[in-house]
Amino acid sequence: MDIKQLVVDTLGELDRELKRALDGLTSEELAWAPERWANSIGFTLWHVIRAEDLWVQSHGRGVPQIHESEGWATKWGIPPQDSGFGYDEGKLSGFPTPPLNELEQYYEAARQATLSFLD
């Protein structure tokens with residue numbers, strides 16, 4: 001197995017596990033964080049998608065990030081280049097947790113772009 005196939009297979013496994021973990025999650029559970037200074041489930045999900053989007057789109061492909069190009073940043077009121085790195089307690093507690101179905105749509109778009117890039 002070559003490295004590309006290993007990455008594609010691993011991403012597929014992660015997809016299945018993520019979908020299983022998110023199945024039936026309520027908006028309250030998505031916004032829950034154990035402490036004010038801790039990441040919520042929704043923030044963590046958004047941040048992971050943003051990292052993939054940033055690295056693949058900007059650094060790998062040299063194209064605009066999906067977060068901005070498909071309007072998610074505007075829709076959610078999050079600055080286009082914001083990725084969640086360096087958030088402090090104030091920014092975490094004020095994070096506008098997007099609805100799960102929208103995060104899933106953003107995730108699918110970012111993942112498809114990643115798989116296209118790998119192909």
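In this tour, a residue is called buried when its relative accessible area is under 20%, exposed when it is over 50%, and partly exposed in between, using a 1.4 Å probe and protein chains only. The model is predicted, so local features need pLDDT of at least 70 and side-chain atom pairs count only at pLDDT 80 or more, while totals for chains, interfaces and linings use all residues. Residues are numbered from 1 along each chain as its sequence is written, and side-chain values use heavy atoms, with hydrogens and water left out.

Begin by selecting E89, which counts as partly exposed at 35% relative accessibility, and then add R36, which is exposed at 53%. The two form a salt bridge with their closest N and O atoms 2.9 Å apart, a salt bridge being a side-chain nitrogen of Lys or Arg within 4 Å of a carboxyl oxygen of Asp or Glu. Because E89 lies in helix α6 (residues 89-93) and R36 in the loop between α2 (27-31) and α3, the pair ties together parts that are 53 residues apart in sequence. Helices here are DSSP runs of H or I with at least four residues, numbered from the N terminus.

Select E108 and K19 next, whose side chains meet in a salt bridge at 3.2 Å, N to O. This pair links distant parts of the chain, with E108 in helix α7 and K19 in helix α1, 89 residues apart. E108 is partly exposed at 31% relative accessibility, and K19 is also partly exposed, at 46%.

Staying on helix α1, select E17 and R20, which form a salt bridge with the closest N and O atoms 2.9 Å apart. They are separated by about one helical turn, because they stand three residues apart in helix α1. E17 is partly exposed at 41%, whereas R20 is exposed at 59%. A further selection of D15, E52 and R111 shows residues linked in a network of salt bridges, and a search of the whole structure finds nine salt bridges.

Now turn to the largest nonpolar core, meaning a set of buried Ala, Val, Leu, Ile, Met, Phe, Trp, Tyr and Cys residues joined through side-chain atoms within 4.5 Å. Of its 19 residues, W46, I49, W76, L103 and Y106 touch the most other members. Two or more residues come from each of α3 (41-61), α5 (72-76) and α7 (100-118), and α7 gives the most, with six residues.

Which residues does Y106 touch, not counting those up to four places away in sequence? They are W46, I49, R50, D53, I66, H67, W72 and W76, where contact means heavy atoms within 4.5 Å.

From Y106, move to R50 in helix α3, which is buried with a relative accessible area of 0%. The side chain of R50 makes a polar contact, a pair of N or O atoms within 3.5 Å in which, within protein, one must be able to donate a hydrogen and the other to accept it, and residues adjacent in sequence count only if both atoms are side-chain atoms, with the side chain of Y106 at 3.3 Å. The backbone oxygen of P80 lies 3.4 Å from a polar atom of the R50 side chain.

Finish with L45, another selection in helix α3, which counts as buried at 10% relative accessibility. Leaving aside neighbours within four places in sequence, L45 is in contact with L18, L22, L100 and L103.
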